[in-house]
Amino acid sequence: MAQSKGTVVLAYSGGLDTSCILVWLKEQGYNVITYLANIGQKEDFEAARKKAAALGAKKVFIEDISREFVEEFIWPAVQANALYEDRYLLGTALARPCIARRLVEVAQREGAQYVAHGATGKGNDQVRFELTCYALCPNIKVVAPWRLPEFYQRFPGRRELMDYAKKHGIPVPVTPQTPWSMDENLMHISYEAGILENPKVIDHGQRGRHGAEGVSCICSLIGNFTAEPSVCVPVKVTNTGDGATRSSALELFVYLNDIAGKHGVGRIDIVENRFVGMKSRGIYETPAGTILYHAHLDIEAFTMDREVRKIKQGLALKFSELVYNGMY
């Protein structure tokens, strides 16, 4: 074991990468505190807690921050009509600063000098995590293992991570790995990498949330969307079919995700320009966000004159770029 380097708060998911990073950080001499944010993803949080503790985390923090994610991050994006490159509603880009803010708060409360994350060196999330941390706590030091030669040379591929996990008693997933990566939160589910990097691969969404094939979770299957319309009124959501209403921010958003997902609302397949300089294909499902985006456009159509709308459109474009680039 290396000489003690101090305490680090790790943005932890419970998956293979961050579990290996937890053990690796301990090898390097850090006292590791793990932080896992519940922002609406489907996950066994208690299992993640037990796993982190078993792997030697000094403390394990798990927080449900879904409400503040909706009210303090998603709502401003809806108000701004935030849309990156005319298509992407910024689900992941909005979630990262929400998580990183809490990560810094835990680090400050626990007297940790470092924070760490499992984002790779070729994506946007490293920028979003780190700029948020530096903005809120300029003296914090970030440990990004996937950018450290001593880490990525030791683990050039998934096989090496799996071998490391078995050697150190880290539970390894027994289910077959999907040939793409997935990120889920209240705002959206995103799919990228793997076979999706080939534009010739067409996603047919062959099965839904509980299926193994296709890329489809929130939305129903193409060809299986319900034909019965659901008419909703914005601000307070009222389903005119069954009279159901939702008015609090979180309940409203969850309800819209459920009902809009059944109709296949908000599913896109795009190639976007990443902040780090490469193109990336992403498949996104953003049911509630899509409904609220269009509802807000309708409100603006009633209330803004044409010159104000032009200004708003320019500001919306700038706001979207800032959020996407991690400068929230």
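Among contacts in the chain (heavy atoms within 4.5 Å) between residues at least 6 apart in sequence, 70% join residues at least 24 apart. The model is a predicted one, in which local features need pLDDT of at least 70 and side-chain atom pairs count only at pLDDT 80 or more, while totals for chains, interfaces and linings use all residues. Residues are numbered from 1 along each chain as its sequence is written, and side-chain values use heavy atoms, with hydrogens and water left out.

The chain has 10 helices and 11 strands, where helices (H or I, at least four residues) and strands (E, at least two) are DSSP runs numbered from the N terminus. Of the 328 residues in the chain, 48% are buried; buried stands for under 20% relative accessible area, exposed for over 50%, and partly exposed for what lies in between, with a 1.4 Å probe and protein chains only.

**Two helices**

Helix α1, residues 16-27, has 12 residues and reaches 17 Å from its first C-alpha to its last, close to the 16 Å expected at 1.5 Å a residue, the expected span being 1.5 Å times one less than the number of residues. This helix is mostly covered, since 9 of its 12 residues are buried, among them Leu16, Cys20, Ile21 and Trp24. Just after α1, Gly29 takes a positive phi of about 105°.

Helix α5, residues 125-136, also has 12 residues and a reach of 17 Å from its first C-alpha to its last, close to the expected 16 Å. Its buried residues are Asp125, Gln126, Val127, Arg128, Phe129, Glu130, Thr132 and Cys133, and what covers them includes the helices α4 (91-110) and α10 (306-324) as well as the strands β4 (114-116) and β5 (141-143).

**Cavities**

Rolling a probe the size of a water molecule over the atoms shows where empty space is left. The structure holds 2 cavities of 30 Å³ or more. A cavity is here a set of points, on a 1 Å grid over the protein atoms alone, where a 1.4 Å probe fits but cannot get out, and lining residues have an atom within 4 Å of a point. Grid points are joined across faces, edges and corners, and a volume is the space filled by probe spheres set on the points.

The largest cavity has a volume of about 40 Å³ and is lined by Ala77, Val78, Ala82, Leu89, Met187, Gly289 and Tyr293. Helices α3 (66-79) and α9 (287-303) each supply at least two residues of this lining. The lining of the largest cavity also draws at least three residues from each of domain 1 (7-168) and domain 2 (181-325), with domain bounds that come from an automatic or database domain assignment. By class, the residues of this lining divide into 6 nonpolar, 1 polar and no charged; Ala, Val, Leu, Ile, Met, Phe, Trp, Tyr, Cys and Pro count as nonpolar, Asp, Glu, Lys and Arg as charged, and the others, Gly among them, as polar.

The second largest cavity has a volume of about 40 Å³, and the residues that line it are Leu103, Val115, Ala116, His117, Phe129, Glu130, Cys133 and Val142. The elements that give two or more residues to this lining are β4 and α5, and the largest share, 3 residues, comes from α5. Of these lining residues, Phe129, Glu130 and Cys133 are among the buried residues of α5. The lining of the second largest cavity has 6 nonpolar, 1 polar and 1 charged residues.

**Individual residues**

The table sets out four residues by place and accessibility.

| Residue | Place | Relative accessibility |
|---|---|---|
| Arg49 | helix α2 (residues 45-54) | 31%, partly exposed |
| Asp86 | loop between α3 and α4 | 68%, exposed |
| Leu90 | loop between α3 and α4 | 0%, buried |
| Val172 | loop between α7 (158-167) and β6 (181-184) | 22%, partly exposed |

Most residues other than glycine have a negative phi, and most peptide bonds are trans. Asp86, although not a glycine, has a positive phi of about 70°, and Leu90, likewise a residue other than glycine, has a positive phi near 70°.

Leaving aside neighbours within four places in sequence, Arg49 is in contact with Val60 and Ile62, and the C-alpha atoms of Arg49 and Lys59, 10 residues apart along the chain, are separated by 9.5 Å. Val172, not counting residues up to four places away in sequence, touches Met162, Ala165 and Lys166. The C-alpha atoms of Val172 and Ser19 are separated by 9.6 Å, although these residues are 153 residues apart along the chain, and Ser19 is one of the buried residues of α1.

Key
1 Å grid on protein atoms, 1.4 Å probe; cavity = no way out; pocket = protein on both sides within 12 Å on 5 of 7 lines; lining within 4 Å.
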